[in-house]
Amino acid sequence: MTEQSPALDNLLTESRTFPPSEEFAAKANATEQFYTDAEGDREAFWEKQAERLHWDTRWSKVLDWSDAPFAKWFVGGKLNVAYNCVDRHVEDGHGDQVAIHWVGEPGDTRDITYAELQREVCKAANALTSLGVGANDRVAIQLPMIPEAIVSMLACARIGALHSVVFGGFSPTALRSRVDDAEAKLVITSDGQYRRGKAVPMKANVDEALAGADTVRNVVVVRRTGDDLGGDVPWTEGRDVWWHDLVDAQSDEHTPEAFDSEHPLYILYTSGTTGKPKGILHTSGGYLTQAAYTHHVVFDHKPGEDVYWCTADIGWVTGHSYIVYGPLANRATQVVYEGTPNTPHEGRHWEIVQNYKVTIYYTAPTLIRTFMKWGADIPASYDLSSLRVLGSVGEPINPEAWMWYREHIGGNRCPVVDTWWQTETGAIMISPLPGVTHAKPGSAQRPLPGISAKVVDNDGTEVPHNGGGFLVLDKPWPSMLRGIWGDDERYRETYWSRFSEQGFYFAGDGAKYDADGDIWLLGRVDDVMNVSGHRISTTEVESALVSHPTVAEAAVVGATDPTTGQGIVAFVILRGDAAEDEAGGAEAIQALRDHVAKEIGPIAKPRQIMVVPELPKTRSGKIMRRLLRDVAENREIGDVTTLADSSVMDLISKGMKSGS
Ligand code: WTA
């Protein structure tokens, strides 16, 4: 297990608790009874949650775990996910309810009712079919946060095609590897996107990515930035088609087909400990059941009353489960915002909360810490009295940020729910229930009713209260990943080999129990960094660095960062000529940072690159990142006895002092 930083150990001295108000508790969607019911009969509990959805055919068995670790939930059941998220609400008489209050970064807005959403999704489904896309085909989507992104995902779900959404900030190289891995037949993108008040190209990047990609038959292009981008959009005749030409011409009626509960719904790529991203596979019935259930109980969402806002991007799993599938299955009215939080000013989020009377707000600790930096007087100048529940996701939230969130955004009135989960888990796993839990700042606390998690030691034995170790999930759950796309072996190896004897799912996170047995998450225990809530593997960045002609070798670590959680720090050895010519000059370093941004995306740009003469390695040649982390965090260097050459650390430290 990796060493814990002192800040995280401090968590265990945190003893404040915040019970829900009586008024909140009295009306809450979930009660203490949920835990008792779920513990009494887990499968019956989940069966009840599945009944929140419309099934064309009811399942015959709740769970089939006979082929573990490949689960089947609601075996034999059939449903259409898009019908559940859209049509049934219209049929139930809620067609006029706003589904999406969309706010564009430049200030344009659109309100889309469930009836309109139904028409848009039907048209898009017909459009996909007209291009020869059918059930089980893969569609890559790289779009900004515009309604067409959600419509595209639902259109895929409606016809049984799998979407693979690729974050808009990812580079052509990253897009291409995802398109190739999934053998996508279609790509949906836009001409450009707005970023910090500026129109920047998107289609041009997609074209670069797709050069020679022979699985892709068509590219559908949404017009978003239009004239603001200036100049023409690069176009490949016969392959490319405008969304408005294709989709607008379609019929707005489409009969949804019921698919098997285990029909694949989507692939979403996430970083692993190796350079190659993993295509996490999710299926239909169990995924939608848990996404909808958790959105209902964790946010206490009341359809027709609440205005919900999750600030994630649809390029991440949070956008999938808590913008698209969970909220829409629960008939939410939600805000979808296209842009950055400080465009055009630092009060943008609070202005939106005030204008739309947002009641539930779900964001990431990194953004909360950024808001703290900008100052409490900014939210104080808006009316935030509509808010009633606040959520956090993506990384451990430090108690200071939690308290600030509660006080300055939540007016000391709103329960704060710290939700732990992963791309792989599909939906929230560990979180307070806002009407039940006596919340503790910085703790995700307890597995949700129906979920089982434990903190275990190296041997898989549960640790006692106040003990620390690895977080594992010891029982299958409905929205669990069904594998890694095209790589069953990697699935077993990554998640199930660490505690194979016990059959535990290894989450890759360190955790502790406090004296009450509540869970505190401590961050990753593997070579995955968490930068602003985004998972990036050290190997991924290292491969990008060594693909640059001047770099001979590279080692990357995540160093504690007050705003982004972790920051990427790279140690590079330059090649002979480069080492002599430039010796780590500012220009050479900037070129390397830009190169990483180009290879992976701007989010992977190292915060700091240090040119070193050597890297610390064990006798078997393994880089000792632990020691580099000591350097990056300005700590005293730890035990160097396993180094092949113990003088290396002296060289590095000396170089650092004179260098940066
Ligand atoms: C981290 C995001 C502490 C964790 C939904 C996990 C958290 C990884 C929390 C998954 C939290 C997420 N407290 N750590 N509340 N939420 N994490 O796949 O390390 O992008 O393994 O899913 O983020 O990141 P992913």
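1. A residue counts as buried when its relative accessible area is under 20%. Keep that cut-off in mind for His320, whose relative accessible area is 0%, so it is buried. His320 sits in helix 12. Setting aside neighbours within four places in sequence, its contacts are Met153, His163, Val165, Tyr266, Leu268, Tyr287, Ile314 and Tyr325. That's a good residue to click on to get your bearings.

2. Before going further, remember that this is a predicted model. The chain's average pLDDT is 93, and 96% of the residues reach at least 70. Watch the beginning, though: residues 1–9 have a pLDDT below 50, and that stretch makes 13 contacts in the model beyond near neighbours in sequence. As for the overall scores, ipTM is 1.00 and pTM is 0.91.

3. On to the ligand. Which residues come closest to it? Asp418, Thr423, Asp509, Arg524 and Arg535 do, out of 17 residues that surround the ligand. Sorted by class, that shell holds six nonpolar, six polar and five charged residues.

4. A few atom pairs are worth displaying here. One ligand nitrogen lies 2.7 Å from an N or O atom in the side chain of Asp418. A ligand oxygen is 2.9 Å from an N or O atom in the Gln422 side chain. With Gly394 the partner is in the backbone: a polar backbone atom there is 3.1 Å from a nitrogen of the ligand. How much of the ligand does the protein cover? On its own the ligand has 530 Å² of accessible area, and the protein covers 96% of that. Three elements give two or more residues to the shell: helix 12 (317–329), strand 20 (416–419) and strand 24 (519–524). So helix 12, which you met in the first point as the home of His320, turns up again around the ligand.

5. Just past helix 12, have a look at Arg331. This residue is in the loop between helix 12 and strand 17. Its phi is near 55°, a positive value in a residue other than glycine. Is Arg331 buried or exposed? Its relative accessible area is 16%, so Arg331 is buried.

6. Glu183 also has a positive phi, about 50°, although it is not a glycine. You'll find Glu183 in the loop between helix 8 (172–182) and strand 8 (186–190). Glu183 counts as partly exposed because its relative accessible area is 48%.

7. Follow the chain from that loop into strand 8 and you get to Ile188. At 1% relative accessibility, Ile188 is buried. Leaving out neighbours within four places in sequence, Ile188 touches Leu128, Val139, Ala140, Ile141, Gln142, Leu143, Ser152, Val220 and Trp243. For a sense of scale, the C-alpha atoms of Ile188 and Asp488 are 28 Å apart, with these positions 300 residues apart along the chain.

8. Two cis peptide bonds deserve a check by eye. One joins Ala68 and Pro69, with omega about 5°. Pro69 belongs to the loop between strand 1 (61–64) and strand 2 (72–75). Another joins Thr343 and Pro344, where omega is about -5°. Pro344 is placed in the loop between strand 17 (333–337) and helix 13 (348–356).

9. While you're around Pro69, pick out Asp64, which lies in strand 1. The side chains of Asp64 and Ser66 make a polar contact at 2.6 Å. Beyond neighbours within four places in sequence, Asp64 contacts Phe70, Ala71, Lys72 and Val75. The C-alpha atoms of Asp64 and Phe74, 10 residues apart along the chain, are 8.2 Å from each other.

10. Finally, Arg626 is in helix 21 (residues 625–632). Where does it fall between buried and exposed? With a relative accessible area of 29%, Arg626 is partly exposed. Its C-alpha atom is 26 Å from that of Asp594, a residue 32 places away along the chain.

Note on methods
Residues numbered from 1 in each chain as written. Predicted model: local features only at pLDDT ≥ 70, side-chain atom pairs only at ≥ 80, totals over all residues. Heavy atoms only, no water. pLDDT = per-residue confidence, 0-100. Contact = heavy atoms within 4.5 Å. Near = heavy atom within 4 Å. Polar contact = N/O pair within 3.5 Å; in protein donor to acceptor, adjacent residues only side chain to side chain. Areas by Shrake-Rupley, 256 points an atom, 1.4 Å probe, with all protein chains shown as cover. Helix = DSSP H or I, 4+ residues; strand = E, 2+ residues; numbered from the N terminus. Nonpolar A, V, L, I, M, F, W, Y, C, P; charged D, E, K, R; others polar. Buried < 20%, exposed > 50% of the residue type's maximum accessible area, 1.4 Å probe, protein only.
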